[in-house]
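Open the model in your viewer and keep the selection tool at hand. We will go stop by stop, picking a few residues each time.

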Amino acid sequence: MATFPEFISQNEERDGVRFSWNVWPSSRLEATRMVVPLAALLTPLRERPDLPPIQYEPVLCSRATCRAVLNPLCQVDYRAKLWACNFCYQRNQFPPTYTGISEVNQPAELLPQFSTIEYVVQRGPQMPLIFLYVVDTCMEDEDLQALKESLQMSLSLLPPTALVGLITFGRMVQVHELGCEGISKSYVFRGTKDLSAKQLQEMLGLTKPSAAQGARGQQAPQPPLSNRFLQPVQKIDMNLTDLLGELQRDPWPVTQGKRPLRSLGVAMSIAVGLLECTFPNTGARIMTFIGGPATQGPGMVVGDELKTPIRSWHDIEKDNAKYMKKSTKHYEALASRASANGHIMDIYACALDQTGLLEMKCCPNHTGYCYMVMADSFNTSLFKQTFQRVFAKDEQGTFKMAFAATLEIKTSREIKVSGAIGPCVSLNAKGPCVSENEIGTGGTCQWKMCGLDPSTTLALYLEVVNQHNAPIPQGGRGALQFVTQYQHSSGQRRIRVTTTARNWADAQTQIQSIAASFDQEAAAILMARLAVQRAESEEGPDVLRWLDRQLIRLCQKFGDYHKDDPNSFRFSETFSLYPQFMFHLRRSPFLQVFNNSPDESSYYRHQFVRHDLTQALIMVQPVLYAYSFNGPPEPVLLDSSSILPDRILLMDTFFQILIYHGEMVAQWRKAGYQEMTEYENFRHLLQAPVDDAQELLHTRFPMPRYIDTEHGGSQARFLLSKVNPSQTHNNMYNWGQESGAPILTDDVSLQVFMDHLKKLAVSSAA
Amino acid sequence: MNVNQQTPMASPYGQPQPGYGQPGYGAGYPAPYAPYNNPASVYQPGAPPQGCSPYASFPSKAVAANPVSDLSSPLDLGPLRGPPTSVPAPVSAAPQAYSHYGQGEMQNGPPPGSQAPPRPAVSQPYNQGAVNLSGPPQPYPQQYGAPPPMQQVTNQMTGMQISTGPPTAAGPGYAPPHSSQPPTSAAYSIAPHPAYTQGPPPASMAPSQPPPPRDPAPPQPYYGGPPPPQHPASSASAAPLPPPPSSHQSFPPTSYPGPQAPLPAGPQAPLPPGPQAQPPYAQGPPPPGSQPHYAPAPPHAHGSYPAARGPPPPSQPGPYPPAGPPPTSAPPGHYQGTMPPQPPAGQPATYHSGPPPPRAQMPPSSMAQTNHLPPGPQGPPGPLGPPGPLQQPPPQPGMQGGYPPQQNGAFGQVRGPQPGYPGPYPGQQNYGPQAPAPAAQAQKRLDPDAIPSPIQVIEDDRVKTTEPFTTGVRGQAPPLVTSNFHVKDQGNASPRFVRCTAYNMPCTADMAKQSQVPLAAVIKPLATLPPDETPPYLVDHGEAGPIRCNRCKAYMCPYMQFIEGGRRFQCGFCSCVSDVPPHYFQHLDHTGKRVDCYDRPELSLGSYEFLATVDYCKNNKLPQPPAFIFLIDVSYNAVKSGMVNIVCQELKTLLDHLPRENPEMDSVVRVGFVTYNKVLHFYNVKASLAQPQMLVVSDVADMFVPLLDGFLVNVKESRMVIDSLLDQIPEMFADTRETETVFGPVIQAGLEALKAADCAGKLFVFHTSLPIAEAPGKLKNREDKKLIGTDKEKSLFQPQVGFYSTLAKDCVAQGCCVDLFLFPNQYVDVATLGVVPVSTGGSVYKYTYFQAQSDRERFLNDLRRNVEKPMGFDAVLRVRTSTGIRATDFFGSFFMSNTTDVELAGLDCDKTVTVEFRHDDKLSEETGALMQCAVLYTSCSGQRRLRVHNMAVNCCSQLADLYRNCETDTIINFFSKYAFRSVLTSPTKTVREGLVNQCAAILACYRKNCASPSSAGQLILPECMKLLPVYLNCVLKSDVLLPAADVSLDDRAYLRQLLSGMDVSESHVFFYPRLLPLMKLEGDSLPLAVRDSEERLSKGGAYLLETGLHLFLWVGANAQQELLLNIFGTPSFGQIDPNLTSLPVLDNPFSKRLREIVDAFRAQRSRYMKLIVVKQEDKAELIFRHFLVEDKNASGGASYVDFLCHMHKEIRQLLS
């Protein structure tokens, strides 16, 4: 048998699932003593180019409460043409189409290599893709121009049948009618008044068609595929391009000392309402581009007086953010409406100051896989490329995005689902596999994810419910089935089914194997998601304390030590990195709000809870590479000791790609040695990290902030804030030494942290 | 005052004179009318000789319409009186006149005198009804003996006339009017019957006379003229019997008690003379001298009578007797009856004894010479008089039996044969009551020709108005609105700007209350002046701004008195003394006038403008140029009717004609466009756009303007985009199926746009249907015909929701004027939709069942005119008055947030504001009553200005003066506005009754206080108000107050609102349409209009009827082929297309001229009149008939004749 790491990686490759434990303790009691909960990181649409689409529908268990999909784990009686559901043990007849089934003639879904399989549903109409642009016009001309160009460019990236719509807003909100000849029409709404979907429908004149159709009869029922506001790209390409071209900066005068009046809340509300009444339950994407905070109407986050700054964490702690609650409520309501209809709300916020992402975070968070982008300006490659990459396509030429997905989970009787943490909303589907303990979005076995992309990852928390006195027979396996129904970007409905199983083990007797099955990376991320989840509602220190306690307990449980002797503490290899992850997690912007604006925190957290494990790990513990004349580029410790004068460092924090030139390298560069042919190697040295950075930049989504700095540069702070402060102005004995650069901070270093951890872990008092 | 009264007298006399003259003329006279004319002409000639041009004019008028002419002359006298009014002045005048007389036989003098008197006389006639006669007669005989007869005569006359009414026929030319013969006969007959007539009348006369006698008595003694007051009263009464009364009156005034005495004599034919004599008195010094003058004067005015009287005392007697005879002549027996009065003649003798004889002779001789000669002779010799009469009688009978009577009537009525008419009416009525049998007949047969004719009055005034009207003379009534005249501003506002109901206001509240005459001014602040009159000068005082009184804030005007060498000035309104700012200082000349008086418009003119400073601007910021916003309904109906298409097409050219002050420059007015059905579409037409952008606002519940930049644009800059837009609008909505509309939000949208642009402006709303879409201001159909006539009817005129009132308030605050063009196919609730336009100084235009083809012209012309017409924005109007009166009530299209400031979001050149004044203290005759109307507005070029109109009128302590200087057209304008507003709060029935009551009260007051005593059976109308009944009847019959079955509620509300902003000329033609016969069109002059009655239409003719809103071409079924060929190009009546909306262009002079006339009519009115061809006996004739306002109408409106009877009854009730 392969090693666990290989097993884990195989499973991840095939099913997109990683469990914190790969051997499951067989009783509830034991499970709770594992400290790190039994949980899975699921990437539902993990790219599987090798996966053949199955052109028929899945076979379901006939038990109404089960409805599990036929899978390789099912026992099949080929002669009787029966199969037994591995979740509820119901015996089911194969449908008539399976009459030819036999041991040698198995359908794909019974083949072990197809533990993950994708069905293409043939029923139902092909749904168009819908893109509704919601554009802020209260921005500098330069920004607006860049945005307009980006939008125009995007039209060329859309499939010709995709429907597009345009809403612009400033002081007013304008819904543009598309495809008008000779005169451009738009419906204008006051930016201070929220409208219900019904009102909106009436005001946009969208109720008429049905009535008129009834009345006129003979007129062919206009396909709901388009209306005046949402039209196929191929039809209104030119028109929309012109329209975008003529977009003017919001003409209402902004007096000195005021912010422009920006009716973001209403604009989004109208966008949601428009789709709600025209394309319910159809995948659609509301892409909102904002250049500043909402300053009026529902959803406003700050008044228009420039002298009152937008709320900070400080204000929030002091309960001084007077618009926050109301505003948040507004956006939450919008998010739930949008998600109910399977619509995605993206936010592209480009402004130097905050734009209210804190309040709006629920929109992208709740509507599934969403893009929330934060940049300084629309005129940056950060925005431009990110936006372009939204429309990235796979080999088949279809978008990598998927729409209006639901995820359902089926479990063996011994386990239940506590909840999920990630970009999803509950569908409130109660079932036998729903646990009473809720973690994250719980109380359901179905979730809705309005948007998905191949890296969207959910953390699913499970609960072992098997009682201690009801041992599971040897060799028993716990099984899980994830059924993801979604609208493919080609318009098809698809169902991806992943069925996976793990061995049970008695924790009392087989603790070693359980410990060996620990996936510390997955566990770190799963714990981090829990912590982030808590941080949303709890005070920062409480979260940290909770995190610390969990860590200490884990150490106590699985560490190898003598009581009260810190030096005796040893951790097995499967646990060794875990404390370090926790150390960096504690310092990360996901849990620390110091030096971050509320918007930034929201943004980071948002990204953290939706990316897959690899990327999440980078977020928690940035990767640092060193380039020097001493050898090939090498990863180095994320430690201040890695910062040396003759090195170039490349740091990837996911959000930033930073190239740091050491003191000496910087001087050389300044002196222009790279220009001299005899120092070509220096030029190569300089170029190497840049090339690597480019590579990262090209694959990363969203586009990271690219920073090129040097010793003493102001931007170097990004690096200095991330590295382990092993050398500070406080620890004298390293002071003045050549190795590394001291970090001016009072934060504890990893060493100190570990020392304390050991001490606490071995303490009998704990 | 007395003088005035006298003047009336004179007029009566004058009339008689004509009669006499006629007789004298004998030959010429034979033809009743002819005689008049002849006489008139004769007179004229005579006049010229005399040198009295006025006479000439008078006569001419007289000629035109006999009765009228007489009246007219009186009218003229009126003006003359103006001066005379002030006793002293008159006297002086009189003296002069006398002198003239003396010299040139006084003809000139007399005429004027007579003229002046005539008017009063006319007015007086009413009073005449000398009820108490019987008693008095006796006394008369003695002293006034003469007078009694006079009265009697008058009575008889009246009676006669009345009776004549029917007989009219009898009275050929004149006959109709006076048909004195028949009337007389009738009268006589009547008289006989009742005995009263003769006996009683006399008796009545006597009684009345008694007073007169008294007066006379005093008069005699008076000569000094003390009696005045009494006289005035009498004079007032004069109307019908006028002559007599007038005479009486005149007597008093003149102090010629003697004359009065004559009055008695007056009763008879002589009466006229008597009056005349009096008139002279009035003018001339009452004294003897005057008498003679009178005599002459009378002659002029009335013809020989005066002359006869000239010899007043004698003449009177003489004349009277003669007069008496005339009537008698008609019915000899009567004469006899009357004769008794003659005895009075004898009295005259007494008069003779008085001073008159000599003078009388003098004047007469001179005056009468030819015409009057006869009278003269008669006059002079008291005894002769009798003979005269005798002579006269014959002629009269021969001539016009009526004449004499007329003349008699003339006394009162003389001026206008009308007076005579009135006489008749009353007479009839009187008879009715008095002598049941005859009365009834008489009443029923009341001759329409015998009652005051508007046409006659209009024509007389038109003919009379030859000289420019100068505004320098205080208290002078301007020519009628129907006359063409040139105005010279000499310190008072032109009547084109300000017209008052009374140019001689009562001094005290009691008098005002007693008379019931409304004191009001109809102000048209931005009226367009004819090209030959200079528009008000613009005065720029620089940064200091206009100079104002410190206390009442009145603006510098000619009424400010500079004192202390020019260092300070005293306000004419509140008497407060203010310092003259140094920069404005100027020395005074020896008369106390500033040296630069004539260099400064504000010191010498009645109307001028100030450039306002920033202090006069909203928010202390100079205003932005105004903006026009076009809001077009694009619902199904609007598109289908073609309205949208037409508007869009037209706007393209119209935008080049936005108002501007300097024709050289481009207009600075910005424009914006909105279309709407149940949502609103705004358009961005910014010059930089390649194509217009449409912004739809469907949130009508909470209106806002979706864009700022690009909505209001300069036409020139955005021309391309605008054109493109206007081309596309009809296309875009061509297939619309939206039938619901909103309205409130539409106005809100315009308002918000103006607010956003921070400017004033005007909204042009083109709307088709009841706004039933869900939105603020949503309305429901509430047209319920069952409510008509009930107490709830008023609710139909009230807005159905309060929303629009609030909206209007907001509009006014922003200076947002709303003009509403309605194209309804059904009920749209004009009462509610009109609230905003009416409150913001806007207009409502209504094109029911609009069809592009037939209504296009009318609509486009209205629209063009509306867009192009000069107007002011964001205006505030304030009327300041001198202490003693106060502006208490305002009518028109505006909003008032307090009791003094009239706020007009927009004020165009056609809008008027009617202001009612009430006393809060006493006025003084010396200073008169001053008013200053100041309008602060933003001109179309965005300049803030103040326009000031000043008006001064006289004040009187005698009611007669009040009645002598009234403007009936203006009074009707006021009444109608008052009544049309009252329907909002009271049932229409109550309103109608109120109008009738007030009118009756006015006339009764006159009768009681101003007219000489006469039979209660007589209807005596003041000369100035003799048309009051007919016009009032028109008001009562209007669709608003008395709807016909087919008149929709919308129409009524529309008319009601429309009227509120009408000026006098519009309201005049609106209530009494102009009806022109088209049989002969020659030269440049218009054919003489005919009265609005079906009887006047000849089957063989074609007529043009104009109401200011409608234009009908009525074609008689038997119209001559030639006529039809000329007009329609077809010889057959049957081939005339009743759907024609414009006359075919034919190459013949008749067609050309007719089209010219039509065009001219249209040019005169603020709204374009669509031509409707009405073929006799066609369906459309029903509509046409509705405008024949003298006839009884289908909805129960009384005919003129019936109404006059009714009015008389009312008056009598009040008097008893």
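## Stop 1: a bend in the backbone of chain A

Select A:Pro702. It sits in the loop that runs between helix 20 (680-699) and strand 31 (705-710) of chain A. Keep in mind that this is a predicted model. Now add A:Phe701 to the selection. The peptide bond joining A:Phe701 and A:Pro702 is cis, with omega at about -5°. Why pause here? Most peptide bonds are trans.

Widen the selection to residues 633-719 of chain A. UniProt, in an unreviewed entry, places the feature "domain: Gelsolin-like" there. The span is 37% helix and 23% strand. Put a distance label on the end C-alpha atoms of residues 633-719: they lie 18 Å apart.

## Stop 2: another annotated span

Next, select residues 402-505 of chain A. The unreviewed UniProt entry gives these residues the feature "domain: Sec23/Sec24 beta-sandwich". How much of residues 402-505 is helix, and how much is strand? The span is 0% helix and 57% strand. Its end C-alpha atoms lie 38 Å apart.

## Stop 3: a salt bridge within chain A

Go to A:Glu13 and A:Arg46 and show their side chains. They meet in a salt bridge, with N to O at 3.2 Å. What does the pair tie together? A:Glu13 is in helix 1 (residues 4-15) of chain A, and A:Arg46 is in the loop between strand 3 (39-42) and strand 4 (53-54) of chain A, so the salt bridge links parts that are 33 residues apart in sequence. Over all chains, the count comes to 87 salt bridges.

## Stop 4: where the chains meet

Color chain A and chain B separately. The contact takes 29 residues from chain B and 21 residues from chain A. About 2100 Å² is buried between the two chains, and carbon and sulfur atoms give 53% of that area. Select B:Val696, B:Asp699 and B:Phe704. These three supply 23% of the area that chain B buries against chain A, more than any other three residues.

Now look for the charged pairs. There are two salt bridges between chain B and chain A. For one of them, select A:Arg190 and B:Asp702: their closest N and O atoms are 3.2 Å apart. The interface also has eleven residue pairs in polar contact, both residues at pLDDT 80 or more.

Which elements of chain B give two or more residues to the side that touches chain A? They are strand 14 (693-697) and helix 42 (719-732). Strand 14 of chain B gives the largest share, five residues. By type, the residues on this side of chain B divide into 19 nonpolar, four polar and six charged.

## Stop 5: strands paired across the chains

Keep strand 14 of chain B selected. Add strand 12 (residues 184-190) of chain A. Do they pair in the parallel or the antiparallel sense? The two strands pair in the parallel sense, over five bridges. Pick A:Ser184 and look across: B:Gln693, in strand 14 of chain B, stands opposite.

## Stop 6: two loops in chain B

Most residues other than glycine have a negative phi. Our last two picks have a positive one.

- Select B:Asn620, in the loop between strand 10 (607-611) and strand 11 (627-633) of chain B. Its phi is near 55°.
- Select B:Asp829, in the loop between strand 17 (816-822) and helix 46 (830-833) of chain B. Its phi is positive, about 65°, although B:Asp829 is not a glycine.

Technical notes:
Residues numbered from 1 in each chain as written. Chains lettered and ligands numbered in written order. Predicted model: local features only at pLDDT ≥ 70, side-chain atom pairs only at ≥ 80, totals over all residues. Heavy atoms only, no water. Contact = heavy atoms within 4.5 Å. Buried area = accessible area lost by both parts, 1.4 Å probe. Salt bridge = Lys/Arg side-chain N within 4 Å of Asp/Glu carboxyl O. Polar contact = N/O pair within 3.5 Å; in protein donor to acceptor, adjacent residues only side chain to side chain. Helix = DSSP H or I, 4+ residues; strand = E, 2+ residues; numbered from the N terminus. Nonpolar A, V, L, I, M, F, W, Y, C, P; charged D, E, K, R; others polar. Pairing = 2+ DSSP bridges. UniProt positions renumbered as here; feature names shortened; annotations may be inferred.
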